[in-house]
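This briefing describes a predicted model. Please look at the structure shown here with attention to charged side-chain pairs and to the arrangement of strands and helices.

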Amino acid sequence: MQPQYLIIGQGIAGTLLSYEFWKQGKSFLVIDQPRNISKASLVAGAVINPVNVNRWTTVQDQEKYIPTALQTYREMERVLGISLIEEISMLVFYDDERKQQLFKKAQSSSSLYMRLPTRANITLGNRFFTGKYGIAKVAPVWKIDAAQLLLAWSGFLKSEGLFKEEYFDAEECLITPRGVAFKEIRAEKIIFCEGARAMHNPFFNKLPFIKNRGEALLLSVPALPREFIYHYGIRLVPAAEGLWWCGSNYRWQFDNLLPDPNWRMQTEARLRQWVAIPFEVIDHVAAERPTTAGQQFLAGVHPAMPSAAIFNGLGTKGFSCGPALANALCKQLTGNGRTFSLRSNPLEKWLK
């Protein structure tokens, strides 16, 4: 087997990069271990949100990332014959005078995404949520069906003979200036899209990865209207099979990836203070995130090994910035573009 490109990992980074290669008609093979529900891309809320609701500012570079993301997911919907993206609004609840003033200031200067709630929005908030909250609205935002995307794309790749399901051991991989050898596979370049496993990769372990894990609850809240995402410190996002994704948290010190019962208890208590209708916790999941210092992505060719590249560190904005970054990296690897047009960290800074 001699693909031109060998992609390791099929989380959101590997999925988007392999799609770019496929779209350009390049020869490639994706290797990923058997599907694991704890994979960070599957635990993510997967919402494309152009607004930082804590500071009421628009997200940096959203005008570059979001149009490419929407175009990419709509293209993949057509290729796969499934629905992946839903335009939706987010109701943001607050009981902090400072946040109210920040919202008023932002809304008066730019109402592109930040909107005043309608009377119907306020009525909904009073009916389904407790207390006297201020309500603001972000619209539009877009919800991506992350699990459907990853599973459908892996199925498509398998049907095309472009996917190999097995554990990748970097110790069995030989990388030379002339190419890559892994077992019976020979390729020109290898691109590591391993998520959190990248911090243990012997070729890229000098990069500034930081251990970070997150958790989410899957809830049943049958009476809650599903035409909105709801945000109050934690976020409620409509999920598959009538459930709700609820999360998330950040933990920088941990020894395992077992769900934290204390976080669940605290989150349930907060939900009971906020949500006025019955809910039930169906599942509690945790995963390690591929986080980097400064929350900046890492993408490009190893400066000392031109046959090896990495695409990682997308973080919580992976579903929004990932498509544009995958397109830029694909152009760089295939010789159609020399550098990233979007801001990035040069790998030479750490991989000398």
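Glu268 is a buried residue, because its relative accessible area is 16% and the cut-off for burial is under 20%. Its salt-bridge partner is Arg264, with the closest N and O atoms 2.9 Å apart, and Arg264 is partly exposed at a relative accessible area of 30%. A search of the whole predicted structure finds ten salt bridges, and the points below take up some of these pairs before turning to a six-stranded sheet.

**Salt bridge within a helix**

- Arg264 and Glu268 both belong to helix α7, which spans residues 261-274, and they are separated by four residues, about one turn of the helix.

**Salt-bridge network around Lys164**

- Salt bridges link Lys164, Glu166, Lys183 and Glu184 into a network.
- Lys164 forms a salt bridge with Glu166, in which the closest N and O atoms are 3.6 Å apart; Lys164 is partly exposed, with a relative accessible area of 23%, whereas Glu166 is buried at 16%.
- The side chain of Lys164 also meets that of Glu184 in a salt bridge, at 3.7 Å from N to O.
- Because Lys164 lies in strand β9 and Glu184 in the loop between β11 (179-182) and β12 (185-187), this pair ties together parts that are 20 residues apart in sequence.
- Glu184 counts as partly exposed, its relative accessibility being 42%.

**Six-stranded sheet**

- The sheet is open and has mixed pairing, with its six strands in the order β9-β2-β1-β13-β22-β21.
- Strands β9 (163-165) and β21 (298-302) stand at the edges and have a single partner strand each, so one side of each is left without a neighbour in the sheet.
- Neighbouring strands of this sheet are turned against each other by 20° on average, direction ignored.
- Strand β13 (residues 189-192) pairs with strand β22 (residues 305-312) in the parallel sense over three bridges, and Ile190 stands opposite Ala308 in β22.

**Helices packed on the sheet**

- Helix α6 (residues 146-159) packs on the sheet, where it touches β2 (28-32) and β9, and its direction makes about 110° with that of β9.
- Helix α8 (residues 318-333) also packs on the sheet, touching β1 (5-8), β13, β21 and β22, and its direction makes about 175° with that of β22.
- Strand β9 therefore combines an edge position in the sheet with contact to helix α6, and it is also the strand in which Lys164 lies.

Key
Residues are numbered from 1 along each chain as its sequence is written. This is a predicted model: local features need pLDDT of at least 70, side-chain atom pairs count only at pLDDT 80 or more; totals for chains, interfaces and linings use all residues. Side-chain values use heavy atoms; hydrogens and water are left out. Two strands pair if DSSP finds at least two bridges between them. Helices (H or I, at least four residues) and strands (E, at least two) are DSSP runs, numbered from the N terminus. Axes are lines fitted to C-alpha atoms, for helices over the stretch in contact, and angles run from 0 to 180 degrees between N-to-C directions. Contact means heavy atoms within 4.5 Å. A salt bridge is a side-chain nitrogen of Lys or Arg within 4 Å of a carboxyl oxygen of Asp or Glu. Buried means under 20% relative accessible area, exposed over 50%, partly exposed in between (1.4 Å probe, protein chains only).
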